[in-house]
Amino acid sequence: METESRVVKFASHMEFEALWRELLLRSRATLQMFDPDFAVFPLGASDVDALLRRFLHEGGLLKLALHRPALIERDYPRFVRLLKDYNHRIECRATPRNLQQLTDSFCIGDRVHIVRRFHCDHMRGEAAFGTAGAADLSQERFDALWAESAPTLHPTTTGL
């Protein structure tokens, strides 16, 4: 994977997915993701499952913050299995009701890569890879969301 920094604008679902997969490939230590429900993230795709398994197997940590976990529970059985297999490396949290008006969506990799959609209802956004400071604002936002959110998507027989 190339190492120089770059910023790319996108406006389609196909472009978003390609850039997000690139971020997964580039990330080694942390993935921090926020989306209201992760409906447009291909968490159920077999190639994404393989990328996330490699990332987690090599010691990466995955944090997901979301408003509603129902779609993941219902439509992403591969991700649910991944959560069970790597529950020590994945944490999912649901935002409180007072934060559920937030409508942006982003994934931060290793604090230096980001794929960000400006609004969860639209595919327009930008990605930045290896660009100093590009993820800082979203990182601060994620940290604040994380602190206010409660654990969800527990890999237990009573939960999942």
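Here is a quick tour of this structure, going from its sheet to its helices and then to its cores. Keep in mind that this is a predicted model. At its heart, for our purposes, is an open sheet of eight strands with mixed pairing. Helices α1 and α5 both pack against strands of the model, and the largest nonpolar core has 35 residues.

**The sheet**

- Reading across the open sheet, you meet the strands in the order β1-β7-β6-β5-β2-β3-β4-β8.
- β1 (6-10) and β8 (150-152) sit at the edges with a single partner strand each, so one side of each has no neighbour in the sheet.
- Neighbouring strands are turned by 15° against each other on average, if you ignore direction.
- Over at one edge, β4 and β8 run antiparallel and are joined by three bridges; Ala-94 has Ala-150 in β8 as its bridge partner.

**A closer look at β5**

- Is β5 mostly covered or mostly open? It's mostly covered, with five of its five residues buried.
- In a regular strand, side chains alternate between the two faces of the sheet.
- Here, Ser-105, Cys-107 and Gly-109 are buried on one side of β5, while Phe-106 and Ile-108 are buried on the other.
- β5 is joined to β2 by four bridges, and the two run antiparallel; Leu-31 pairs up with Gly-109 in β5.
- β5 also pairs with β6 in the antiparallel sense, this time over five bridges, and Ile-108 stands opposite Ile-114 in β6.
- β5 and β6 make a hairpin with three residues between them, and Asp-110 in the turn has a positive phi of about 55°.

**Helix α5**

- α5 covers residues 136-148, which makes 13 residues, and reaches 19 Å from its first C-alpha to its last, close to the expected 18 Å.
- Which residues of α5 are buried? They are Ser-138, Gln-139, Phe-142, Leu-145 and Trp-146.
- These buried residues cover an arc of only 125° around the axis, so they end up on the same side of α5.
- The face turned away from that buried side carries the exposed residues Leu-137, Glu-140, Ala-147 and Glu-148.
- The buried residues of α5 pack against several strands, including β2 (30-35), β5 (105-109) and β6 (113-117).
- Take Gln-139, which sits in α5: its relative accessibility is 6%, so it counts as buried.
- Beyond its neighbours up to four places away in sequence, Gln-139 touches Gln-32, Ile-108 and Arg-111.

**Helix α1**

- α1 (residues 13-26) lies across β1, β2, β5, β6 and β7 (125-129), and runs at about 155° to β6.
- Arg-21 belongs to α1 and is buried, with a relative accessible area of 18%.
- Leaving aside neighbours within four places in sequence, Arg-21 is in contact with Pro-42, Ala-45, Asp-47, Val-48 and Leu-51.

**The nonpolar cores**

- In soluble globular proteins, nonpolar side chains tend to be buried together.
- In the largest core, the residues with the most contacts inside it include Met-33, Phe-41, Leu-64 and Phe-79.
- At least two residues of this core come from each of α1, β2, α2 (46-57), β3, α3 (70-75), α4 (77-85), β4 and β7.
- Phe-79 is in contact with Leu-43, Leu-52, Leu-62, Leu-64, Ile-72, Ile-90 and Cys-92, leaving aside neighbours within four places in sequence.
- Apart from the largest core lies another one, of 13 residues, with Phe-34, Ala-65, Ile-108 and Leu-145 among them.

Conventions:
Residues numbered from 1 in each chain as written. Predicted model: local features only at pLDDT ≥ 70, side-chain atom pairs only at ≥ 80, totals over all residues. Heavy atoms only, no water. Expected span 1.5 Å × (residues − 1). Buried < 20%, exposed > 50% of the residue type's maximum accessible area, 1.4 Å probe, protein only. Arc of directions from axis to C-beta. Contact = heavy atoms within 4.5 Å. Pairing = 2+ DSSP bridges. Axes fitted to C-alpha atoms, helices over the stretch in contact; angles between N-to-C directions. Core = buried A, V, L, I, M, F, W, Y, C linked by side-chain atoms within 4.5 Å.
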